[in-house]
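Good morning, and thank you for coming. I would ask you to keep the sequence and the structure in view while I speak.

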Amino acid sequence: MGKYDPLTRYLADRSTAEVPMTFAEIEKVLGVSLPASKQYPAWWSNNPSNNVMTRAWLEAGFQTERVDIGRERLVFRRVRHTQGRGETTSSNRLNIIERIRNRLGGTVTLPDGVDVTAPSGETWDAERA
């Protein structure tokens, strides 16, 4: 069992779209203190390669939002539903836009409705280069 598995289970068991929590509440769920890096907004980004704890909330189907470092609180927002302990059905897998948002979380904002996979209309012509 991983150090952050209790957070995955806690979030996966919630039925609401948003789960507001303080850092102290997260520590209570985990049974351990959060690392000192909790003071950096980037630590709370939704980039799965950022840190081990990030994968805990992503696996549960949540992303972090409204991170307030000064007040030590944030909101976990559901982005997909899970079955059991973080397992997803194939119909609930993240689509390409959600995967991009997860990877770039905290660095780039993609407004809803923007299709980054759509052609731009610009044609690249090797002869004109």
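**A strand pair and a helix**

Let us begin with strands β2 and β3, which run antiparallel and are joined by 5 bridges. Please bear in mind that this is a predicted model. Across the pair, F62 stands opposite R78 in β3. The hairpin formed by β2 and β3 has 4 residues between the strands.

Two residues here deserve a closer look. The first one I shall take is E72, which lies in the loop between β2 and β3. E72 has a phi near 50°, a positive value in a residue other than glycine. With a relative accessibility of 34%, E72 counts as partly exposed. The other is R66, found in strand β2. R66 is not a glycine either, yet its phi is positive, at about 50°. Is R66 buried or exposed? Its relative accessibility is 52%, and therefore R66 counts as exposed.

I now turn to helix α2. Which residues of α2 are buried? They are F23, I26, E27 and L30. Seen down the axis of α2, these buried residues fall within an arc of 100°, so they line one face of the helix. A general point helps here: an α-helix has 3.6 residues a turn, so residues three or four places apart point the same way. The face of α2 turned away from the buried side carries the exposed residues A24 and K28.

What do the buried residues of α2 pack against? Their partners are α1, β1, α3, β2 and β3. The strand pair with which I began is thus among them. Just after α2 comes G31, with a positive phi of about 80°.

One of those partners, helix α3, spans residues 52-59 and contains T54. The relative accessible area of T54 is 0%, so this residue is buried. Leaving aside neighbours within four places in sequence, T54 is in contact with W43, S45, N46, N47 and P48.

Finally, a word on confidence. The average pLDDT of the protein is 80, and 70% of the residues score at least 70. Confidence is highest in helix α2, at a mean of 97, and lowest in helix α4, residues 96-104, at 64. Over residues 83-94 the pLDDT is below 50, although this stretch has 16 contacts in the model beyond near neighbours in sequence. Where pLDDT is low, the predicted coordinates should not be read in detail.

Thank you for your attention.

How values were computed:
Residues numbered from 1 in each chain as written. Predicted model: local features only at pLDDT ≥ 70, side-chain atom pairs only at ≥ 80, totals over all residues. Heavy atoms only, no water. Helix = DSSP H or I, 4+ residues; strand = E, 2+ residues; numbered from the N terminus. Buried < 20%, exposed > 50% of the residue type's maximum accessible area, 1.4 Å probe, protein only. Contact = heavy atoms within 4.5 Å. pLDDT = per-residue confidence, 0-100. Arc of directions from axis to C-beta. Pairing = 2+ DSSP bridges.
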